Amino acid sequence: MNINKVYKCTKDETIKKYYSYLVFEKGLLTNSVEAYFQDIAKLYDFSQTISKRVKDLTKEDLTLFLCELHELGIHPRSQARILSGIKSFYKFLMLEEYISTNPTDLLEGPKLGRKIPDVLSVEEIDMIIRAIDVSTPEGQRNRAIIETLYSCGLRVSELTDLGISNIYKREGFIIVKGKGDKQRMVPIADSAIKEIELYMNYRNSMDIKKGSEDILFLNRRGGKLTRIMIFYIIKRYCEEAGIKKSVSPHTLRHSFATHLLEGGANLRAIQMMLGHEKITTTEIYTHVDSSFIKEEILSCHPRNKH
């Protein structure tokens, strides 16, 4: 990923000036400059998916960019390195007066420890779903999306790839293609099936793009939804529901696992539904709060039984 390739893709003269800044003013070696431009290339790719110029990206946009890196399975340390490169680029844009405010100033990087992400309560998920106006085709689609994410604990990429042919309504499960193209069978709630059926009334009348005939959730133009679009859908309805937590599609997946664990589900079963290769990943993922743990211990320990 050299400077010429990045410039050819972006057609942005700022790239060449940033290259000169890194080499001549900061005195960086070739390998370091190469790493910076790999980060910048990712940023430009992201900006194109949301139809914005890099100079116009906000803190909220860049937060979604970091969420996208997480969803792609990029290690937190690599995420932190990429963020460092992005911050350097925006610092340069400020120095050269291309922008008047720096959107990365208050941007937080990934925690390198075992940070437990926010979990939505069942009531908060219901609030999000109630905030959706289902009188429009887009609203009905979005309700089906959120119900499916929460009902099945899917990764956002698994949701956007979900095919109609992979849904077995009568049997009550779906076939999901996870990481490494590994398939797994996941139960789907009746509530999600109901919303999908209502959405299909609209979908069946759409002009569908070639190659997307079997994709369940489509955009207005009849094509496959992007991961970024799912982030925006979740963010929009959280705001409308008045939920202040930092929420992404991954939050619904984490909530799915946590609620199952709190409901008494076996950890091994949760591991299989989430598609985790190692049980240790599930143990970290299915965090439960201390009050629940205390209640479980007090109710189950023989010394507390009367």
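The following exercises, each with a worked solution, concern helix packing around α7 and one pocket in a predicted model.

**Exercise 1.** Determine how α7 and α11 are oriented to each other, and which residues make their contact.

Solution. Two packed helices are described by the angle between their axes and the distance between the axes. Begin with these values: helix α7 spans residues 137-152 and helix α11 spans residues 249-262, and their axes come within 7 Å and cross at roughly 40 degrees. Next, classify the angle: it is neither under 35 degrees nor within 65 to 115, and α7 and α11 are therefore oblique to each other. The handedness of this crossing is right-handed. On the α7 side, the contact is formed by Ile146, Leu149, Tyr150, Ser151 and Cys152, and on the α11 side by Pro249, Leu252, Ser255, Phe256 and His259. Sorted by class, the α7–α11 contact holds seven nonpolar and three polar residues, with no charged residues.

**Exercise 2.** Establish the relative direction of α6 and α7, and describe the contact by residue class.

Solution. Helix α6 covers residues 122-130; the axes of α6 and α7 lie 10 Å apart, at an angle of about 160 degrees. Since angles over 145 degrees count as roughly antiparallel, α6 and α7 are therefore roughly antiparallel to each other. The crossing of α6 past α7 is left-handed. From α6, the residues Val122, Ile125, Ile128, Ile129 and Arg130 meet Arg143, Ile146, Glu147 and Tyr150 of α7. This contact of α6 with α7 comprises six nonpolar and three charged residues, and no polar ones.

**Exercise 3.** Decide how α7 is oriented to α10, and list the residues in contact.

Solution. The axes of α7 and α10 come within 11 Å, crossing at roughly 95 degrees. An angle from 65 to 115 degrees counts as roughly perpendicular, and α7 is therefore roughly perpendicular to α10. In this contact α7 contributes Glu138, Gly139, Arg141, Asn142, Ile145, Ile146 and Leu149, while α10 contributes Ile230, Ile233, Ile234, Arg236 and Tyr237. The classes represented between α7 and α10 are seven nonpolar, two polar and three charged residues.

**Exercise 4.** Characterise the second largest pocket by its volume, its lining and the helices that supply the lining.

Solution. The second largest pocket encloses about 290 Å³ of space. Its lining consists of 14 residues, of which Asn219, Arg221, Leu225, Thr226 and Met229 are the closest to the centre. To assign the lining to helices, note that α7 and α10 (227-241) each supply at least two residues. The largest share, three residues, is that of α10. Finally, dividing the lining of this pocket by class gives five nonpolar, four polar and five charged residues.

Key: Residues numbered from 1 in each chain as written. Predicted model: local features only at pLDDT ≥ 70, side-chain atom pairs only at ≥ 80, totals over all residues. Heavy atoms only, no water. Axes fitted to C-alpha atoms, helices over the stretch in contact; angles between N-to-C directions. Helix = DSSP H or I, 4+ residues; strand = E, 2+ residues; numbered from the N terminus. Left-handed = near helix turned anticlockwise from the far one by under 90°. Contact = heavy atoms within 4.5 Å. Nonpolar A, V, L, I, M, F, W, Y, C, P; charged D, E, K, R; others polar. 1 Å grid on protein atoms, 1.4 Å probe; cavity = no way out; pocket = protein on both sides within 12 Å on 5 of 7 lines; lining within 4 Å. Points joined across faces, edges and corners; volume = space filled by probe spheres on them.
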